[in-house]
Amino acid sequence: MKTVSVIVPAFNAAGTLGECLAALLKQSVARSSYEVIVVDDGSLDATADVAARYCGEGVQLVRQDNQGAAGARNTGVAHAAGDLLLFTDSDCVPQPDWIERMVAAFADPETVGAKGTYLTCQRRLVARFVQIEYEDRYDRMRDQERIDFVDTYSAGYRRDIFQQNGGFDVSVRFVEDQEFSFRLAEKGYKLVFVPEARVSHLHDQDVIEYVERKFNIGVWKARVMQRHPERLANDTHTPPVLKLQILLLFLSLPLLLTGLTMQQLGVVWWQAVAALGAASVLAFLASGLPFLLKAWRKDRMVALVTPAMLAVRATALGGGYAVGLLRFLHLEPQERPVLRARQRFLKRLVDLVGAAISLIVTAPIGLAVAVAIKLDSAGPVLYAQDRVGTNGRTFRLFKFRTMVQGADKQLGELIDLTRLEEPAFKLKDDPRVTRVGGFLRRTSLDELPQLLNVLRGEMSLVGPRPEESWLVRLYNDQQRRRLAVKPGMTGPMQVNGRADLSFAQRLELELDYIEHYSLRRDIAILLKTIPVVLKGNGAY
């Protein structure tokens with residue numbers, strides 16, 4: 001039984017596929033532990049013939065009509081026998097330890113996906129710029145415990161999770177690998193960066209190739225961002241300065257042209273408009289200084305052309321993105337995001353205003369609670385615990401302490417965590433709860449410090465309740481859907497039975513909240529929370 005399946009999609013790749021396969025057959029791991037599958041995606045050249053030469057060495061060749069890279073990779077998975085799926089491209093040459101490095105990342109049972117890196121031996125100036133561009137992004141990812149962006153030139157996934165999530169979307173003809181990794185990250189699956197898993201690659205040779213690739217990325221990025229608007233602000237791969245550079249470049253040109261036109265027409269304040277355009281150009285150049293300095297340390301010839309290449313990059317990506325916005329103006333219902341960009345903005349605005357006002361109004365109550373806790377039992381006033389937030393990222397949740405010191409260590413004596421029928425539990429008459437703690441729980445006053453979590457952007461006023469990491473590890477794929485939005489101080493569970501609900505009932509309510517989200521519904525839940533808290537039903 002093969003434990004690893006290496007899948008190589010190939011389209012008109014006769015010139016590069018042979019070197020790729022030769023490298024894959026000379027890996028540092030036992031040949032019996034992995035299989036290599038080449039999917040010829042309707043090539044019009046001798047790609048299939050090249051692959052066929054290696055069939056005697058155990059390479060499996062699958063032929064299909066052209067479906068694009070996403071379809072070819074999915075076909076490869078359908079023929080795969082391994083528990084781990086590794087992907088590389090037909091123009092890549094994996095290093096001898098590539099499989100070994102990729103597989104090592106999955107020693108952590110929580111790891112679902114992994115991303116490696118590019119190398120190149122090319123001497124053309126544009127190719128050298130592209131390599132430094134990738135290395136700049138790798139530097140950004142290197143210190144991240146988990147990432148959300150996996151490129152398939154050096155990628156790996158657990159087969160069961162890959163299949164449960166439908167694989168790559170064949171309707172996305174470019175950056176389909178980004179879309180898939182965003183989809184997994186949304187559910188809180190752990191994706192990791194493996195810088196040692198390297199493949200050599202032939203980058204763009206000239207500016208025309210570079211512009212064409214960046215333009216296509218921009219076009220299809222628009223569609224991906226429509227589905228995943230939360231990635232507009234940030235992802236673990238794309239430098240935030242790149243978005244600023246696109247904006248500055250597309251501001252500066254119209255301003256300069258407008259100023260020049262106004263001068264010709266004799267408009268007296270043309271200089272102000274032209275100055276704004278010039279300021280945008282200077283800001284663009286200033287924003288590229290960190291990259292330029294990095295390039296200078298690595299390759300001074302590349303550094304000399306860096307300002308021009310950054311302008312080319314911003315123009316191609318920005319132009320492609322604008323075209324994509326028009327091309328994909330409407331999404332099918334199944335493609336709609338959990339929350340649209342406008343909804344995310346309004347929800348965050350309500351959170352900031354609501355949390356700030358609530359902190360001011362409840363400050364006297366909080367002070368009284370703190371005094372009561374100190375008088376009632378030994379220990380700190382606040383209790384902080386790691387909880388899982390949006391996309392599976394952990395944060396420190398704050399509460400007023402309601403239990404005796406060392407309560408966490410006593411949990412194993414009260415409940416057998418290994419025998420839970422579902423990833424949730426609540427204990428009635430918990431002996432660890434103090435007298436004041438019982439009152440705080442019934443009235444939900446213990447939750448007041450979470451207003452700080454809301455202000456910090458880790459929580460929302462309304463959403464699914466945040467769970468502990470060990471419970472989230474027990475979630476199945478469907479249950480992970482609740483990690484797609486920020487956890488809330490209150491939510492559908494709190495106004496529909498609280499702790500009296502089973503996990504299945506909670507999940508049904510929370511998934512319905514996510515799938516039918518509206519700001520009006522958030523406000524309704526906030527208003528319903530007040531009488532529910534006063535009654536204290538289901539709070540223990």
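**Entry 1: a helix on two strands**

I started with helix α5, residues 125-141, which lies across β6 (111-119) and β8 (190-201). I noted its direction as well: α5 runs at about 145° to β6. This is a predicted model, so I kept that in mind for everything below.

**Entry 2: the sheet**

Next I looked up the sheet that holds β6 and β8. It is an open sheet of eight strands with mixed pairing, and I wrote the order down as β3-β2-β1-β4-β7-β6-β8-β5. Which strands stand at the edges? They are β3 (59-64) and β5 (92-94); each has a single partner strand, so one side of each is left without a neighbour in the sheet. I also checked the twist: neighbouring strands are turned by 30° against each other on average, direction ignored.

Then I went to helix α1, residues 17-24, which packs on this sheet. I listed β1 (4-10), β2, β3, β4 (84-88) and β5 as the strands it touches. The direction of α1 makes about 15° with that of β5.

**Entry 3: β2, β3 and a salt bridge**

I zoomed in on β2, residues 34-41. It pairs with β3 in the parallel sense, over six bridges. Within this pairing I found Asp-40 standing opposite Arg-63 in β3. The two also form a salt bridge, with the closest N and O atoms 3.7 Å apart. Asp-40 lies in β2 and Arg-63 in β3, so the pair ties together parts that are 23 residues apart in sequence.

Are the two partners buried or exposed? Asp-40 counts as buried at 3% relative accessibility, while Arg-63 is exposed at 61%.

**Entry 4: other salt bridges**

I pulled the total for the structure, and there are 33 salt bridges. I looked at a couple besides the Asp-40 one.

Arg-142 pairs with Asp-139, the closest N and O atoms being 3.6 Å apart. Both ends are partly exposed: Arg-142 has 44% relative accessibility, and Asp-139 has 34%.

Glu-230 and Arg-231 meet through their side chains at 3.8 Å, N to O. Here I found both ends buried, with Glu-230 at 17% relative accessibility and Arg-231 at 7%. I also noted a network in which salt bridges that share partners join Glu-133, Arg-137, Lys-214 and Arg-313.

**Entry 5: α7 and its surroundings**

I then counted along α7 (176-186). How many of its residues are buried? Eleven of its eleven residues are, so I put the helix down as mostly covered, taking buried as under 20% relative accessible area. The list has charged side chains in it, among them Glu-176, Asp-177, Glu-179, Arg-183 and Glu-186. Phe-180, Phe-182 and Leu-184 are also on it.

I checked backbone angles on both sides of the helix. Val-175 is in the loop between α6 (159-164) and α7. Its phi is near 50°, a positive value in a residue other than glycine. Val-175 is buried too, with a relative accessible area of 6%. After α7 comes Gly-188, and its phi is positive as well, near 85°.

**Entry 6: another positive phi**

I flagged Asn-391 for its phi of about 60°, which is positive although the residue is not a glycine. I located it in the loop between β9 (382-388) and β10 (394-400). Asn-391 is buried, at 12% relative accessible area.

**Entry 7: a nonpolar patch**

On the surface I found a nonpolar patch of about 840 Å². Its members are Phe-345, Leu-349, Leu-352, Val-353, Ile-357, Ile-360, Val-361, Leu-452 and Leu-455. Which element gives the largest share? That is α14, with seven residues. Both α14 (341-376) and α17 (450-455) supply at least two residues each.

I picked one member to look at, Leu-352, which lies in helix α14. At 34% relative accessibility it counts as partly exposed.

**Entry 8: whole-protein numbers**

I finished with the totals. The protein has 20 helices and twelve strands. Its C-alpha atoms fill a box of roughly 80 × 75 × 45 Å along the principal axes. Of the 540 residues, 53% are buried.

For contacts between residues at least 6 apart in sequence, I noted that 77% join residues at least 24 apart. The exposed area comes to about 25,200 Å², and carbon and sulfur atoms supply 59% of it.

Note on methods:
Residues are numbered from 1 along each chain as its sequence is written. This is a predicted model: local features need pLDDT of at least 70, side-chain atom pairs count only at pLDDT 80 or more; totals for chains, interfaces and linings use all residues. Side-chain values use heavy atoms; hydrogens and water are left out. Two strands pair if DSSP finds at least two bridges between them. Helices (H or I, at least four residues) and strands (E, at least two) are DSSP runs, numbered from the N terminus. Axes are lines fitted to C-alpha atoms, for helices over the stretch in contact, and angles run from 0 to 180 degrees between N-to-C directions. Contact means heavy atoms within 4.5 Å. Patches are made of residues with over 30% relative accessible area and no salt bridge: like charges are joined within 9 Å, nonpolar side chains (Val, Leu, Ile, Met, Phe, Trp, Tyr) within 5 Å. Accessible areas come from the Shrake-Rupley method with a 1.4 Å probe; for residues, only the protein chains shown count as cover. A salt bridge is a side-chain nitrogen of Lys or Arg within 4 Å of a carboxyl oxygen of Asp or Glu. Buried means under 20% relative accessible area, exposed over 50%, partly exposed in between (1.4 Å probe, protein chains only).
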